[in-house]
Amino acid sequence: MNLALVHSRARVGVRAPEVRVEVHLAGGLPSMSIVGLPQAAVREAKDRVRAAIQCAQLEFPARRITVNLAPADLPKGGGRFDLPIALGILAASGQIPLQALGDCEFVGELALTGQLREVDGVLPVALASAAAGRRLVVPAGNGPEAALAGAARVSVARTLSEVCAGLAGRKLLSVAQAPATVEDTAGPDMRD
């Protein structure tokens, strides 16, 4: 299959509208283009994604790669789409199972080494993902925030390799844990 669809979420204030990351591999000279109203940080994802895939000991396809971030009229910014773009490329090239992506959503920025970096605004993403009935995969640093969305099924990973192993069924991804609650302390009550 030369086409893959990965679910993700944008950040618009306190909302997290769905973004479908569509990846198509075609013949021709190797190149990569990202369309769908990406801001500069998203357009630069192609370099981060290429390096991360190669550092994860996976193959970056020498094909013409088109990435569409739909809907096209929604502005997309930041590095939050790095992980879904990388997974789309790997699924379209047959390196990870395409069917494993169907019930999941992904957000996360990739370091050149393949490490996952946290992104901002994950709580609205977790709430929207739970409402859509999908499992959410986030960087380990975003796990505590995402776990605050009680009904959400949230998994965390530290690297692109770890996510790929989880999708292929070779490893179970860790479940996000909410931060410990702070006990009430004696002192002035701000409600007063």
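Which residue follows helix 2, with a phi that is positive? In this predicted model, the residue is Q57, and its phi is near 65°. Q57 is not a glycine, yet its phi is positive. The residue is found in the loop between helix 2 and strand 4. Its relative accessible area is 72%, over the 50% cut-off, so Q57 counts as exposed.

Helix 2 itself spans residues 45–55. Its buried residues are A45, R48, V49, A51, A52 and I53. These buried residues pack against strand 3, helix 1, helix 3, strand 6 and helix 6. Helix 1 covers residues 40–43. Several residues of this region also meet L112. That leucine sits in the loop between strand 6 (109–110) and strand 7 (116–117). Beyond its sequence neighbours within four places, L112 is in contact with D47, R48, A51, A52 and C55. L112 and R50 are 62 residues apart in sequence, but their C-alpha atoms are 8.1 Å apart in space.

Two further backbone features were found in loops. L37 lies in the loop between strand 3 and helix 1. Its phi is near 60°, a positive value in a residue other than glycine. L37 has 46% relative accessibility, which lies between the 20% and 50% cut-offs, so this leucine counts as partly exposed. The other feature is a cis peptide bond, which runs from A70 to P71. Its omega is near 10°. P71 belongs to the loop between strand 4 and helix 3.

The interior was examined next. In soluble globular proteins, nonpolar side chains tend to be buried together. The largest nonpolar core here has 43 residues. Within this core, I85, L87, F106 and L160 touch the most other members. Eight elements are listed as giving two or more residues each: strand 1 (3–9), strand 2 (18–26), strand 3 (31–35), helix 2, strand 4, helix 3, strand 5 (104–106) and helix 6. Helix 3 gives the most, with eight residues. A second core of 16 residues is separate, and its members include A16, V122, A147 and V154.

F106 shows how distant parts of the chain meet. Not counting residues up to four places away in sequence, F106 touches V6, H7, S8, L83, P84, L87, L101, L136, V137, V163 and L167. One of these partners, V6, is found in strand 1. V6 has 0% relative accessibility, under the 20% cut-off, and therefore counts as buried. Outside its own sequence neighbourhood of four places, V6 is in contact with V19, R20, V21, P84, L87, G88, L101 and F106. V6 and I89 are 83 residues apart along the chain, and their C-alpha atoms are separated by 9.8 Å.

Helix 6 is mostly covered. Of its eight residues, 160–167, six are buried. The buried residues are L160, E162, V163, C164, A165 and L167. Two of them, V163 and L167, are among the residues touched by F106. Just after the helix, G169 takes a positive phi of about 85°.

The largest pocket holds about 160 Å³ of space. Its lining is made up of 13 residues. By class, five are nonpolar, four are polar and four are charged. R11, K76, G77, G78 and R80 lie nearest the pocket centre.

Among these, R80 was followed in detail. This arginine lies in the loop between strand 4 (64–70) and helix 3 (82–92). Is R80 buried or exposed? Its relative accessibility is 4%, under the 20% cut-off, so R80 counts as buried. Its side chain has polar partners on the backbone. A polar atom of that side chain lies 3.0 Å from the backbone oxygen of R9. The R80 side chain also reaches the backbone oxygen of D120, at 3.1 Å. Apart from neighbours within four places in sequence, R80 is in contact with S8, R9, A10, R11, V107, G108, V119, D120, G121 and V125. R11 is thus named both as a contact of R80 and as one of the residues nearest the pocket centre.

Note on methods:
Residues numbered from 1 in each chain as written. Predicted model: local features only at pLDDT ≥ 70, side-chain atom pairs only at ≥ 80, totals over all residues. Heavy atoms only, no water. 1 Å grid on protein atoms, 1.4 Å probe; cavity = no way out; pocket = protein on both sides within 12 Å on 5 of 7 lines; lining within 4 Å. Points joined across faces, edges and corners; volume = space filled by probe spheres on them. Nonpolar A, V, L, I, M, F, W, Y, C, P; charged D, E, K, R; others polar. Helix = DSSP H or I, 4+ residues; strand = E, 2+ residues; numbered from the N terminus. Buried < 20%, exposed > 50% of the residue type's maximum accessible area, 1.4 Å probe, protein only. Polar contact = N/O pair within 3.5 Å; in protein donor to acceptor, adjacent residues only side chain to side chain. Contact = heavy atoms within 4.5 Å. Core = buried A, V, L, I, M, F, W, Y, C linked by side-chain atoms within 4.5 Å.
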